[in-house]
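Hi everyone, thanks for making time. Let me put the structure up on the screen, and then I'll talk you through a few parts of it.

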Amino acid sequence: LHINISSINITWEYPLTIPPTQFLVKGLSNAFSSSGFVNITNTMINDTYYIYTNLMFGCYYEFTVTAYQDGMFSDPSHHSTLFENGGTAPPGPPQSLSAYNITSTSISLIWNEPQPETELKYLYHVYKGEHSNDLVQADTTQDSTYIFRHLQSHTRYYFSVQADFGGEKSILSPVISAVTSISYLSPVTILNIST
């Protein structure tokens, strides 16, 4: 999770055993120490949510929750996903990938930006293969179109595209396939017949 906000809502569920009377929320961050992670909250609450409001830009945070009942604490929850406040979310995959302008030796691809659309400039990694399960990255482009050239005629190829922003990569788009057309040779012209 990579976000740019001033607060975060932390929620959890009651354990399956006897409901506890309180929960202990612990938070760690490097926001207030140059030497590593330190405690930023150690709060007892009576509900299943907590709002932390002191997020600082460019710093890392993670949280755990421990149940409390009759003077005893449970094991802490798994650490929440470590996130950076002010980072960039991995983009979604490119949308509506399709092939067009197919010839015997080339296939053009076109796709839409990941959703939701932003003002950010994406890179796109373009993948190609002769089977849907053996795609290999062929190139990278800043455009939302790409032309594969020097292909074999009458051959099926498979394609996918991956969005990339600042090193954060999406999953691959759904794979599509297209078949290059048949290459027809021009008829031979007889120049001369001799006996």
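I'll begin with the overall chain, move on to one sheet, and finish with a single aspartate.

Please keep in mind that this is a predicted model. The protein chain has 0 helices and 16 strands. Of its 195 residues, 33% count as buried. If you take the contacts with a separation of 6 or more, 57% of them come from residues 24 or more positions apart.

Now to the sheet. Here 3 strands form an open, antiparallel sheet in the order 9-10-13. Strand 9 (95–100) and strand 13 (145–148) are at the edges with a single partner strand each, so one side of each has no neighbour in the sheet. On average, neighbouring strands in this sheet are turned by 20 degrees against each other, ignoring direction. Strand 10, residues 107–112, is joined to strand 13 by 4 bridges. If you'd like a place to zoom in, Ser 108 sits opposite Ile 147 of strand 13.

And now the aspartate. Asp 164 belongs to strand 14, which covers residues 156–165. What is the nearest side chain of opposite charge to Asp 164? That would be Lys 169, 4.6 Å away. A salt bridge needs a distance within 4 Å, and Asp 164, though buried, has none. Its side chain does make a polar contact with the side chain of His 125, at 2.8 Å. Setting aside neighbours within four places in sequence, Asp 164 is in contact with Pro 91, Tyr 122, Leu 123, His 125 and Lys 169.

That's my tour, and I'm happy to take questions.

Note on methods. Residues are numbered from 1 along each chain as its sequence is written. This is a predicted model: local features need pLDDT of at least 70, side-chain atom pairs count only at pLDDT 80 or more; totals for chains, interfaces and linings use all residues. Side-chain values use heavy atoms; hydrogens and water are left out. Helices (H or I, at least four residues) and strands (E, at least two) are DSSP runs, numbered from the N terminus. Buried means under 20% relative accessible area, exposed over 50%, partly exposed in between (1.4 Å probe, protein chains only). Lys and Arg count as positive and Asp and Glu as negative; His and the chain ends are not counted. A polar contact is a pair of N or O atoms within 3.5 Å; within protein, one must be able to donate a hydrogen and the other to accept it, and residues adjacent in sequence count only if both atoms are side-chain atoms. Contact means heavy atoms within 4.5 Å. Two strands pair if DSSP finds at least two bridges between them. Axes are lines fitted to C-alpha atoms, for helices over the stretch in contact, and angles run from 0 to 180 degrees between N-to-C directions.
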